[in-house]
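Got your viewer ready? Here is a walk through the model, one selection at a time.

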Amino acid sequence: MAFLSDDISINTLIGKGSAVSGDIKINGFVRIDGDVDGNLETHSNIIIGASARIRGNIQAASAVISGIVIGDIIAPGGIKLLSTAAVIGDVTTRRLVVDDKVVLHGKCIRIDEPEDDKKARSR
């Protein structure tokens, strides 16, 4: 979790077996282990657990993904895809780490400047 800041206290948790339908905007660190059918947005960090299934776009400061995401991920601070991750969509970040056995079907877009981050978030 090298991308994440020193504050690792999770503000919001959607647990395994839970299902949420609709867009979610959260203030603070988020962990998702359940199913979400909608977009996720936080100005902090996000962890998508191995049992999570997300159908929607994700915007966060940084992201660690080990579940399934069908949608685009924008995380300027970095994106780490663990070995159980599957992402069907584009990833936009400054730094991307991909473990073995990851499924990634989409474009990888690198952010260089803060202006690129603003453009990516406005998509």
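## First stop: L104

Start by selecting L104 and showing its neighbors: leaving out residues up to four places away in sequence, L104 touches L81, V87, G89 and V91. One thing to keep in mind as you click around is that this is a predicted model. L104 belongs to strand β17, and its relative accessible area of 28% puts it in the partly exposed class. Now draw a distance from L104 to V87, C-alpha to C-alpha: you should get 4.9 Å, for two residues that are 17 apart along the chain.

## Zoom out for a moment

Switch to a cartoon of the whole protein. How many helices and strands does the protein have? There is one helix, along with 18 strands. The chain has 123 residues, and 43% of them are buried. If you turn on a surface, you are looking at about 6500 Å² of exposed area, 49% of it from carbon and sulfur atoms. As for contacts between residues at least 6 apart in sequence, 10% join residues at least 24 apart.

## Into the core

Next, select I32, L40, I46, I48, I65 and I73. In the largest nonpolar core, which has 24 residues, these six touch the most other members. Several strands each bring at least two residues to this core: β3 (24-26), β4 (30-32), β7 (45-48), β10 (62-65) and β13 (78-81).

Keep I32 and drop the rest. What does I32 touch, once residues up to four places away in sequence are set aside? The list is I14, L40, I46, I47, I48, G49, A52 and I54.

G49 is on that list, so hop over to it: at 1% relative accessibility, G49 counts as buried. You'll find G49 in the loop between β7 and β8 (53-55). Its contacts, again without residues up to four places away, are R31, I32, D33, S66 and G67. For a longer jump along the chain, pick A85: G49 and A85 are 36 residues apart in sequence, with 8.9 Å between their C-alpha atoms.

## Two salt bridges

Two of G49's contacts, R31 and D33, also pair with each other. Show both side chains and look for the salt bridge, where the closest N and O atoms are 2.8 Å apart. Are the two partners buried or exposed? R31 is partly exposed at 27% relative accessibility, while D33, at 13%, is buried because it falls under the 20% cut-off.

The model has two salt bridges in total, so go and find the other one, between D112 and R110. Here the closest N and O atoms are 2.5 Å apart. D112 is partly exposed, at 43% relative accessible area, and R110 counts as exposed at 61%.

## A side chain reaching a backbone nitrogen

Select T42, which is part of strand β6 (residues 40-42). T42 is buried, with just 2% relative accessibility. Add S44 to the view: its backbone nitrogen is 3.1 Å from a polar atom of the T42 side chain.

## A nonpolar patch on the surface

Bring back the surface and color I68, I70, I88 and V103. Together these residues make a nonpolar surface patch of about 290 Å². I68 sits in strand β11 (residues 68-70) and is partly exposed at 30% relative accessibility.

From here, step to A86, which touches two of the patch residues, I68 and V103, and also G67 and V69, not counting residues up to four places away in sequence. A86 lies in strand β14 (residues 86-88) and counts as buried at 17% relative accessibility. Try a distance to R53 as well: A86 and R53 are 33 residues apart in sequence, and 9.6 Å separates them from C-alpha to C-alpha.

## Last stop: K101

Finish in the loop between β16 (96-98) and β17 (103-105), where K101 is placed. What is the phi of K101? It is positive, about 70°, even though K101 is not a glycine. That is worth a look because most residues other than glycine have a negative phi. K101 is exposed, with a relative accessible area of 75%.

Note on methods. Residues are numbered from 1 along each chain as its sequence is written. This is a predicted model: local features need pLDDT of at least 70, side-chain atom pairs count only at pLDDT 80 or more; totals for chains, interfaces and linings use all residues. Side-chain values use heavy atoms; hydrogens and water are left out. Buried means under 20% relative accessible area, exposed over 50%, partly exposed in between (1.4 Å probe, protein chains only). Helices (H or I, at least four residues) and strands (E, at least two) are DSSP runs, numbered from the N terminus. A polar contact is a pair of N or O atoms within 3.5 Å; within protein, one must be able to donate a hydrogen and the other to accept it, and residues adjacent in sequence count only if both atoms are side-chain atoms. Patches are made of residues with over 30% relative accessible area and no salt bridge: like charges are joined within 9 Å, nonpolar side chains (Val, Leu, Ile, Met, Phe, Trp, Tyr) within 5 Å. Accessible areas come from the Shrake-Rupley method with a 1.4 Å probe; for residues, only the protein chains shown count as cover. A nonpolar core is a set of buried Ala, Val, Leu, Ile, Met, Phe, Trp, Tyr and Cys residues joined through side-chain atoms within 4.5 Å. Contact means heavy atoms within 4.5 Å.
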